[in-house]
Amino acid sequence: MQVQGLRIGIGHDTHRLGPGGPLRIGGVTIDFDHHLIGHSDSDVLLHAVTDALLGAAALGDIGELFPDTAAENAGRDSGELLRLAYARVRDAGFTCLNLDCIVFAQRPKLGPFKRTIAARIAELLELDADRIGVKAKTGELVGPVGRGEAIQAECVALLYRAGAED
Ligand code: MG
């Protein structure tokens with residue numbers, strides 16, 4: 001089995017919820033009575049995906065590339081941040097083979113949006129949607145997720161670099 005050139009990365013993110021919608025998760029706008037609070041558009045899943053890709057290529061993290069102290073990043077579309085980060089990953093010679101993601105939200109139920117979210121992430125990365133796994137979990141009514149105070153996301157990314165000797 002040929003395994004040279006494979007790199008794995010992990011990303012995790014948390015954002016607090018505040019009153020008033022809509023929600024923005026995985027590049028998809030979801031009708032809901034709360035939104036995620038943060039400096040950019042606070043898309044918790046796209047931030048986790050971005051960090052997983054950057055981590056797999058050892059290119060730092062989303063906070064280094066797009067500081068939350070920079071005015072230009074205020075309210076910024078996280079899909080744009082993901083595309084820019086993945087361009088750096090591609091420039092380093094890597095291609096994403098697949099992603100596996102989990103979103104942790106007590107409400108709303110995200111099951112009906114999983115396919116749409118996967119399709120949007122695939123579009124942003126110019127990959128086939130069958131390379132993007134999206135799972136939705138609740139917080140089982142405990143902790144900040146379970147109490148509806150926050151939404152979290154995790155992502156694992158596998159990259160491939162052709163011709164790599166390592
Ligand atoms: Mg974030």
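Me: Is Leu141 buried or exposed?
Reply: This is a predicted model, and Leu141 sits in the loop between β6 (132–137) and α5 (143–146). Its relative accessible area is 63%. The cut-off for exposed is over 50%. Therefore Leu141 counts as exposed.

Me: What is the phi value of Leu141?
Reply: Leu141 is a residue other than glycine. Its phi is positive all the same. The value for Leu141 is near 65°.

Me: Where is Ser42, and is Ser42 buried or exposed?
Reply: Ser42 also has a positive phi, near 65°. Ser42 lies in the loop between β4 and α1. Its relative accessibility is 1%, and buried means under 20%. So Ser42 is buried.

Me: Which residues coordinate the magnesium ion?
Reply: The donor spacing along the chain is D-x1-H-x31-H. That pattern holds one D and two H positions. The donor atoms lie at 2.1 to 2.2 Å from the ion. The residues are Asp13 (OD), His15 (NE2) and His47 (ND1).

Me: Are Asp13 and His15 buried or exposed?
Reply: Asp13 and His15 both coordinate the magnesium ion. For either residue, the class depends on its relative accessible area, with buried set at under 20%. Asp13 and His15 are both buried.

Me: How many salt bridges does the structure hold?
Reply: One of them joins Asp41 and Arg24. Another joins Glu80 and Arg76. Arg120 and Glu123 form one as well. The total is six.

Me: How many residues apart are Asp41 and Arg24?
Reply: Their side chains meet in a salt bridge, at 3.9 Å from N to O. Asp41 is in the loop between β4 (34–37) and α1 (44–56). Arg24 is in strand β2 (residues 23–25). The pair links distant parts of the chain, and the separation is 17 residues.

Me: What is the relative accessible area of Arg24?
Reply: Arg24 is partly exposed. That class lies between the 20% and 50% cut-offs. The value for Arg24 is 24%.

Me: Which partner in the Glu80 and Arg76 salt bridge is buried?
Reply: The two side chains meet at 3.1 Å, N to O. Glu80 has a relative accessible area of 30%, so Glu80 is partly exposed. The other partner has 16%, and buried means under 20%. The buried partner is Arg76.

Me: Why are Arg120 and Glu123 separated by about one helical turn?
Reply: Their closest N and O atoms are 2.7 Å apart, in a salt bridge. Both residues sit in helix α4 (residues 114–125). The turn follows because their spacing in that helix is three residues.

Me: Which of these two residues counts as exposed?
Reply: Arg120 has a relative accessible area of 23%, so Arg120 is partly exposed. Its partner reaches 52%, and exposed means over 50%. The exposed residue is Glu123.

Me: Which peptide bond has omega near -10°?
Reply: The bond from Gly21 to Pro22 is cis, with omega near -5°. Pro22 is in the loop between β1 (6–19) and β2. Pro108 lies in the loop between β5 (94–104) and α4. The cis bond with omega near -10° runs from Arg107 to Pro108.

Me: Which element gives the largest share of the largest nonpolar core?
Reply: This core has 46 residues. Those touching the most other members include Leu45, Val49 and Leu53. The largest share is nine residues, and it comes from α1.

Me: Which residues does Leu53 touch, beyond four places away in sequence?
Reply: Leu53 is among the core residues that touch the most other members. Leaving out residues up to four places away, the list is Leu82, Tyr86, Val89, Cys96, Leu99, Leu125, Ala157 and Leu159.

Me: How many helices and strands does the protein have?
Reply: The elements run β-β-β-β-α-α-α-β-α-β-α-β from the N terminus. Each α is a helix and each β is a strand. The total is five helices and seven strands.

Me: What is the radius of gyration of the protein?
Reply: The protein has 166 residues. A compact globule with that many would come near 15 Å. The protein agrees with this, at 16 Å.

Definitions and conventions:
Residues numbered from 1 in each chain as written. Predicted model: local features only at pLDDT ≥ 70, side-chain atom pairs only at ≥ 80, totals over all residues. Heavy atoms only, no water. Donors = N, O, S within 2.8 Å, 3.2 Å for Na, K, Ca; no water. Buried < 20%, exposed > 50% of the residue type's maximum accessible area, 1.4 Å probe, protein only. Salt bridge = Lys/Arg side-chain N within 4 Å of Asp/Glu carboxyl O. Helix = DSSP H or I, 4+ residues; strand = E, 2+ residues; numbered from the N terminus. Core = buried A, V, L, I, M, F, W, Y, C linked by side-chain atoms within 4.5 Å. Contact = heavy atoms within 4.5 Å. Rg over C-alpha atoms; globule rule 2.2 N^0.38 Å.
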